[in-house]
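Let's take a friendly walk through a protein model together. Keep the sequence and the 3D view side by side as you read.

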Amino acid sequence: MRKIIAFGTLALIVSLPLAAFSACDNGAGARCGYEIEAEYFAEEGRIDGSMKVTVPNRTENVLEEIPFALYPNMFGEGVKTPPVSELFSSACYYGGVSYGGIEIEEVTGGKEWSVGGEDNGVLSVLLSKPLYPDESVALFVRYSLTLPKADHRLGIGENCVNLSYFYPMLPAQGESGFYAYAPAAYGEPFTLDTSDFSVTLTVPAEMKVACGGDAALSEGNGKTVCRYKAENVRDAAFVLGDFKVVSDERANVKIDYYYFADAFPEETLRAACDAVATYAELFGEYAYPRYAFAETDLYFGGMEYGGFATISSALRREERTAVVAHETAHQWWYASVGSDQANCAWQDEGLAEYSVALFFENHPAYGVGYRDFVAASENAYRNYFNVQSQLSGEVDTGMSRPLSGYSGEYEYRILAYDKGVVLFDRLRETMGDRKFFSSLRSYAAKYAGKLASEYDLIGCFSSAEQLVLSFTEGRCVI
């Protein structure tokens, strides 16, 4: 996700410390499988859904309970952790604060189930019998989802409907159990393995469906049915609206841009095409046969998904290229190479933002230089550090922290994004281009389709390990 900011919990089964993880292999036989049927009723702002989910036990322990994160319940009235901070509440809720949530109506395939945790954010299913390593279980869930009126990644926007995390989500599995789901008002509080998705989404006929993957559309009886399939992705997301589409192909990837208000759609598409080609050359081939992105209603800059991304219709023309380049970079640093976003956001956000600097370096025609981009991040960090030093006398600039460990969105942006850009720039300067880019390509190839810990990333830059740690532990002086 890329934030545009106008400034210069519950452990599901076990909350595992980051240092305990090595990458988790997502082989084809070990992936979770979702089969979802959902229908959107526009007048009620409601989705009725059912889901069959095949859950493999990829841990080293016997599992007796399966957790699912219920992200939509962050939009409930009176929640402890709302999905947007007070600072951006008015930008998100265009008609005043609006509420939503997900109601679990039935779960079968297990012994019993319950909804609990902070803000009723967890569906726990007690299994009928123990699930041993390398075994799998099929569970069936029926649910109803009320969408908030919000320019958010989930919600009824002013022009479009955003459907992400609209189903109960299985958190990633580590060696000992499931990662924690801890709601946060910024960042992505999810750590997800790759899964295989088959989604049948029914919407009113006047709505067009934007999504990634392999999507087939059919119409009848006043409705449009989208049949979506995607393998080895971490999520499934859709945007509903009145779109036009422009398309191109680059690096053997078909690229589609869905838009409704963009006055320069070909220009925006070209930025995505250039980004795909640049990153494929620098990091390795794009992981999917198609890349799609959509203009939609968002109070922040953009959002990434597997084979799909969204950008805000509120972006100025001069902002769009950087946001498109950032969200496209997430196809390598999130969609392909996963990480623990909830506890180590710099690992994907910092690398995606640094990838934007590389994009501009390789495309000077866009009018932004590599050094200028890095300098802007460095200046933002220094301004933050100087102000915080004056206010408190001592500043914790450690980067490896949970989302709840930031004082707010400003600090999150500075440490996860801007300091991340400076870190990777310093790595490149220290190692030299040949070793630096070789290490990035090694990281992309070795952990494709997997979850990489920050120590896995550091291991790919082993010759500069102390430099990385000085940044992440907050010991370096910039």
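Is tryptophan 333 buried or exposed? Tryptophan 333 has a relative accessible area of 1%, and because anything under 20% counts as buried, tryptophan 333 is buried. Before going further, please keep in mind that this is a predicted model.

Now let's see what this ring does. The whole structure holds 43 aromatic pairs. In one of them, tryptophan 333 and tyrosine 443 are stacked, with 5.7 Å from centre to centre and 20 degrees between their planes. This pair joins distant parts of the chain: tryptophan 333 belongs to helix H4 (residues 331–336) and tyrosine 443 to helix H8 (residues 433–446), 110 residues apart. Tyrosine 443 is buried as well, at 2% relative accessibility. For another arrangement, turn to tyrosine 412 and tyrosine 417, an edge-to-face pair with 5.7 Å between the centres and 80 degrees between the planes. Tyrosine 412 and tyrosine 417 are both buried.

If you colour the aromatic residues, you can follow a cluster linked by ring pairs. Among its members are Tyr257, Tyr259, Phe283, Trp332, Trp333, Tyr443 and Tyr447. Rings can also have a charged group over them. Arginine 317 lies over the face of phenylalanine 264, 3.6 Å from the ring centre. Likewise, the charged end of arginine 428 sits over the ring of tyrosine 370, at 5.0 Å from the centre of that ring.

Next, look for the open sheet of 5 strands. Following it across, you meet the strands in the order E15-E16-E17-E19-E18, and their pairing is mixed. Why does one side of E15 and of E18 have no neighbour in the sheet? Strand E15 (244–250) and strand E18 (302–305) stand at the edges and each has a single partner strand, so one side of each is left free of a sheet neighbour. From one strand to the next, the twist averages 15 degrees.

Zoom in on the E15 edge. E15 pairs with strand E16 (residues 253–259) in the antiparallel sense, over 7 bridges. Here you can find lysine 244 opposite tyrosine 259 of E16, and Tyr259 is also one of the residues in the aromatic cluster. The loop between E15 and E16 contains alanine 251. Alanine 251 has a positive phi, near 55 degrees, although it is a residue other than glycine. With a relative accessible area of 41%, alanine 251 is partly exposed.

A similar backbone detail can be found elsewhere. Aspartate 134, in the loop between strand E6 (122–131) and strand E7 (136–146), has a positive phi of about 75 degrees without being a glycine. Is aspartate 134 buried or exposed? Its relative accessibility is 77%, so aspartate 134 counts as exposed.

Finally, see how two helices meet. Helix H2 (residues 265–283) packs with H8 at an angle of about 100 degrees, and their axes are 8 Å apart. That angle makes H2 roughly perpendicular to H8. On the H2 side, the contact is made by Glu281, Leu282 and Phe283, while H8 contributes Phe437, Leu440, Arg441 and Ala444. You have met two of these elements' residues before: Phe283 belongs to the aromatic cluster, and tyrosine 443 of H8 is in the stacked pair with tryptophan 333.

Conventions
Residues are numbered from 1 along each chain as its sequence is written. This is a predicted model: local features need pLDDT of at least 70, side-chain atom pairs count only at pLDDT 80 or more; totals for chains, interfaces and linings use all residues. Side-chain values use heavy atoms; hydrogens and water are left out. Rings of Phe, Tyr and Trp (its six-membered ring) pair if their centres lie within 6.5 Å; planes under 30 degrees apart count as stacked, over 60 as edge-to-face and the rest as tilted. Helices (H or I, at least four residues) and strands (E, at least two) are DSSP runs, numbered from the N terminus. Buried means under 20% relative accessible area, exposed over 50%, partly exposed in between (1.4 Å probe, protein chains only). A charge sits over a ring if NZ of Lys or CZ of Arg is within 6 Å of the ring centre and within 35 degrees of the ring normal. Two strands pair if DSSP finds at least two bridges between them. Axes are lines fitted to C-alpha atoms, for helices over the stretch in contact, and angles run from 0 to 180 degrees between N-to-C directions. Angles under 35 degrees count as roughly parallel, over 145 as roughly antiparallel, 65 to 115 as roughly perpendicular and the rest as oblique. Contact means heavy atoms within 4.5 Å.
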